[in-house]
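Work through the exercises below with the coordinates open. Each task is followed by a stepwise solution.

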Amino acid sequence: MIGSLLVGLLVAKFGQKGTLVYSTLLMLLGGLLMGFSRVLHSPEMVILGRFMTGIHSGISLSVVPMYLGEIAPKNLRGFLGLIPTIFICLGVFAAQVLGLSELLGKEKDWPLLLSLVMAPALVELLFLPWFPESPRYLLIQKEDVAATVRALTWYRNRYSSNIQAEVEEMQEEQRSLTSLETISVFQLIADCSVRWQLVSVIVINIGMQLSGIDAIWFYTNRIFEKSGIPMQYIQYTTVGTGAIEVVAGLIGVPWMHYASVACVIGIIAGFCVGPAGVPFLMTAELFTQSHRPAAYIIGGALNWLSNFTVGFVFPFLQMSAGAYCYLVFCGVCWIVAIYAYIVIPETRNKTFMEISQMFFSKNAARYHVRLDEVQLRMFKGYGTLENSSTDFETYFMDE
């Protein structure tokens, strides 16, 4: 959560790519501390290393979807926005496999297992600096048209006709903003023109964690143990590997225990298909450039706070309600689904300005905006403006 609170300040100062590069140093340092903790007989190094990797996770979980959402063409934004979720799931799976007692799950091997976080961090540090910064950041906040075109040319085909259209759309957004400065969290909360977008981000981020997925991740072993799975096979059931050994070991166990395992796997699969990546992707889509970092701060902080709340409260909820505790999570899922169906419009293949315009009518109706006020409200960055001539055409002509 601390990392998510730093996102706005870091992105405004270093940009999305710069923030990711610098935050990677935290992961490398944290991995080194954890790796040498046993040699130096210092458990405090593990605590400090985990703290550093936690800050890095809070930053990355917000900045990576923001960066991918801004560099992706609108027809691929949804797919690329879910890429972080896919790799998070792969990372969790890899950690579970490596954590098996036959591999690095023994006490003496834990420092080595924890230090493996340096491997992806090194890959990122080697390759990411060579990537261009977000074109939207370069144009809207740095006002560097030439660098914007170079970045788009790098990410797209050099001769793509869509580059000019994308720059025009960015310039339209730039003209619609009253200020190119990144607004603060308090300014975002006070801005009535983005009220429904803000409420939507809050609902989907809290709903993501209150769906109960963290209760399952945190307490999977306990759930399987109560379902009657033999202790020696729980680690294989949790990982999802060693299925043959699990089935062989479950001979004679009532079939209801299989249903418990199937339900847990079904919930995790359903979560990864939908809610896992949508909140962070949608936060990028619902806000324009100046509002986006503050929106990620709010969404990320609430996401991590809800994560902590579920992990802390679930054991007490389970003791008081037993298996019925999952009905609470089911009710939250229904509420969020109904809200999303009624309030949040379809954003597929829409530009950021088009998405903002769809929300503009809701915000105007909510606060009874008169027709003679609409033009003024548009200039807060959440309406559309007529196209005007662009100043980047000479760049293509020179090329």
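**Exercise 1.** Determine how many disulfides the model holds.

Solution. Take as a disulfide a pair of cysteine sulfur atoms within 2.5 Å. By this rule the count is 0 disulfides. Next, check Cys-333: the nearest cysteine sulfur belongs to Cys-330 and lies 6.5 Å away, and Cys-333 is in no disulfide. Cys-333 is partly exposed, at 36% relative accessible area (buried means under 20%, exposed over 50%, partly exposed in between, with a 1.4 Å probe and protein chains only).

The model is predicted: local features need pLDDT of at least 70, side-chain atom pairs count only at pLDDT 80 or more, and totals for chains, interfaces and linings use all residues. Residues are numbered from 1 along each chain as its sequence is written, and side-chain values use heavy atoms, with hydrogens and water left out.

**Exercise 2.** Find which helix supplies the largest share of the largest nonpolar core.

Solution. A nonpolar core is a set of buried Ala, Val, Leu, Ile, Met, Phe, Trp, Tyr and Cys residues joined through side-chain atoms within 4.5 Å. The largest has 21 residues, and Val-7, Val-63, Tyr-67 and Tyr-296 have the most contacts inside it. Helices are DSSP runs (H or I, at least four residues), numbered from the N terminus. At least two core residues come from each of α2 (7-35), α3 (43-71), α17 (278-286) and α18 (292-321). The largest share, 7 residues, comes from α3.

**Exercise 3.** Is Thr-24 buried or exposed?

Solution. Thr-24 sits in helix α2. Its relative accessibility is 0%, so Thr-24 counts as buried.
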